[in-house]
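Let's take a walk through the inside of this protein, starting with its empty space and then moving on to some of its strands. Have the viewer open as you read.

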Amino acid sequence: MFDDKSWYKEAVFYELYVRAYKDGNNDGQGDLRGVIQKLDYLQELGIDCIWLLPIFPSPLKDDGYDINDYYGILPDYGSLEDFRDLVSGVHAREMRIILDLVINHTSIQHPWFQKARLDRNSPYRNYYVWSDSNTKYAKARIIFIDSEKSNWTWDEVAKQYYWHRFYSSQPDLNYDNPEVRAEILKIMQYWLDIGVDGFRVDAVPYLFEREDTNCENLPETHAFLKEMRRFIEKNYPGRILLCEANQLPRDIRGYFGDGDEFQMAFHFPLMPRLFMALKQGSFQPIEEVLEKTLPIPEGCQWCIFLRNHDELTLEMVSVEEREWMWHHYAPESRMRLNLGIRRRLAPLLDNNQQKIELAYSLLFTLPGSPVLYYGDEIGLGDNIWLDDRDGLRTPMQWEPVAGAGFSEIQPGKFFNPILDNLDYRPERLCVSIQIKDENSLLNRVRRMIKVRKKHPELGSGDFRWVSSDNPSVAAYWRTFGDHKMLVVQNLSALATAAHLSIGETIPIVAEDLIWGKSIFFQNDQIVDLDLTPFQYFWFEIPFHLN
Ligand code: BGC
């Protein structure tokens with residue numbers, strides 16, 4: 001797999017927040033040395049590609065998504081040498097690593113912005129978007145609605161307003177300026193030369209602004225993103241660009257271009273529908289969104305996910321759907337943030353292991369490459385009382401001790417408190433306990449990943465629903481060449497019977513790859529199967545019978 005240019009199509013991704021992962025120098029903050037110590041763990045879990053949240057120098061007003069210097073490493077995280085060691089350690093284990101590339105904005109403290117605001121004649125002035133009034137681009141929505149009232153902020157030093165789609169401490173770069181565009185390619189080159197395997201490109205819809213538009217997904221933005229891709233193809237073939245565009249299905253589809261823009265994009269519309277399906281006990285929300293998902297060009301792949309480091313976004317669902325999601329998944333006001341829900345996977349799914357496993361079964365068998373969020377493989381909890389999204393970014397729990405094996409320093413000095421809720425505290429929930437228990441969530445996730453890696457139909461195969469008269473039963477075929485798998489899942493909290501018309505004409509015995517259960521497909525093409533609450537099966541159809 002290592003030389004395969006389409007590696008990302010069958011890869012399992014892992015989103016890793018360095019500050020929270022492992023403290024290598026016992027100062028209470030996770031760092032790159034800490035991550036290096038945990039590479040064996042990631043390899044054993046079956047991870048193919050690590051995505052690091054931003055690691056660059058930053059005043060951390062937005063946890064590193066506000067960059068001061070695109071060419072350095074945040075001192076808390078270590079040095080460039082540490083980073084090079086990390087890249088070698090990752091590659092030595094035949095894994096890959098991608099970085100978060102934040103191109104829409106910098107920190108207000110970036111020297112470009114500091115020079116820009118001080119001197120109207122500085123070449124850097126034109127690196128940002130300025131105006132004498134705050135009325136331009138009025139059709140652009142505000143994204144961080146809980147903290148920002150406008151996309152314009154007055155700068156007392158510059159004596160003008162500057163444009164920002166996120167926090168006012170994150171001024172947007174001016175993509176109409178060719179020098180800005182050249183800077184981005186230079187930054188990419190720098191990290192690609194160090195050996196990274198690509199980028200998760202942050203907040204891509206907002207690069208350009210045009211009057212009388214919502215300033216999202218503009219043709220000019222696509223043109224520049226295509227230029228980034230050409231740069232990669234020409235100089236670094238095999239490296240990837242992963243698109244973060246929280247948009248409607250047809251707009252996200254645009255970021256694949258004709259196969260000449262991003263190779264990958266997050267499937268934002270699918271994610272909330274997975275939670276709707278699990279709560280309703282019906283596959284309909286998934287079916288509907290997959291119907292709206294347009295085919296993507298050859299060589300492209302969706303990235304699918306359950307949770308990530310941000311609030312569970314409900315920006316792109318209807319008002320009624322959002323209210324429904326809030327009602328069911330965020331009954332307390334502290335659980336809500338902007339237009340979303342700040343909770344992790346396990347608490348969202350009632351800390352019910354069978355249900356969480358089912359969510360993973362969907363993640364690993366629906367079309368796309370799965371992305372796991374650190375900690376969710378053990379069912380880490382959250383802390384809704386922390387600020388902003390900090391409650392989703394608490395220390396990883398390795399050992400059943402007060403400091404969770406995250407750091408040796410006293411926990412009071414940790415960057416974020418360890419969870420102290422009875423169900424989620426490290427004494428009860430951590431890697432070392434789960435590794436020893438063959439029925440733990442961690443071991444089930446490992447098992448699913450292992451099976452997935454042996455079955456290219458799950459990464460690259462076709463997807464076809466199996467007709468079922470029971471809405472609780474999500475059943476589908478995944479097929480690729482000689483490989484064929486029948487996935488059957490009960491989305492309901494009640495036991496149910498599946499009565500599936502599988503469209504096969506020959507009787508076959510198929511084995512479930514997770515549990516080892518065998519099933520006999522009848523000549524009449526109907527499968528009858530009893531399913532316990534949230535039960536899932538992945539049936540392998542033997543080669544010779546395809
Ligand atoms: C990231 C957020 C960040 C924002 C601004 C997002 O899309 O995922 O964590 O706050 O971009 O950079």
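The largest cavity holds about 320 Å³ of space, and keep in mind that this is a predicted model. There are 21 residues lining that cavity, and those closest to its centre are Phe144, Phe166, Glu244, Asp310 and Arg389. What about the chemistry of the wall? The lining of the largest cavity splits into eight charged, seven nonpolar and six polar residues.

That cavity has company: searching the whole structure turns up four cavities of 30 Å³ or more. The second largest offers about 50 Å³ of space. Its lining is made up of Glu15, Trp51, Arg200, Glu244, Phe266, Phe268, Phe305, Arg307, Asn308 and Val371. Sorted by class, that gives five nonpolar residues, four charged and one polar. Glu244 is worth a click, since it appears in this lining and also among the residues closest to the centre of the largest cavity.

Now for the strands. Strand E8 covers residues 240–243, with Ile240 and Leu242 pointing one way and Leu241 and Cys243 the other. Are these four side chains buried or exposed? All of them are buried.

E8 has a parallel partner in strand E7 (residues 198–202), joined to it by four bridges. Across that pairing, Phe199 sits opposite Leu241. Trace the chain from E7 through helix H7 (residues 219–235) to E8 and you have a right-handed β-α-β unit.

E8 also pairs with strand E9 (residues 264–266), again in the parallel sense, over two bridges. Here Leu242 has Met264 of E9 as its bridge partner.

Technical notes
Residues are numbered from 1 along each chain as its sequence is written. This is a predicted model: local features need pLDDT of at least 70, side-chain atom pairs count only at pLDDT 80 or more; totals for chains, interfaces and linings use all residues. Side-chain values use heavy atoms; hydrogens and water are left out. On a 1 Å grid over the protein atoms alone, a cavity is a set of points where a 1.4 Å probe fits but cannot get out, and a pocket is an open set with protein on both sides within 12 Å along at least five of seven lines; lining residues have an atom within 4 Å of a point. Grid points are joined across faces, edges and corners, and a volume is the space filled by probe spheres set on the points. Ala, Val, Leu, Ile, Met, Phe, Trp, Tyr, Cys and Pro count as nonpolar, Asp, Glu, Lys and Arg as charged, and the others, Gly among them, as polar. Buried means under 20% relative accessible area, exposed over 50%, partly exposed in between (1.4 Å probe, protein chains only). Two strands pair if DSSP finds at least two bridges between them. A crossover is right-handed if, with the strands pointing away from the viewer, the path from the first strand over the helix to the second runs clockwise.
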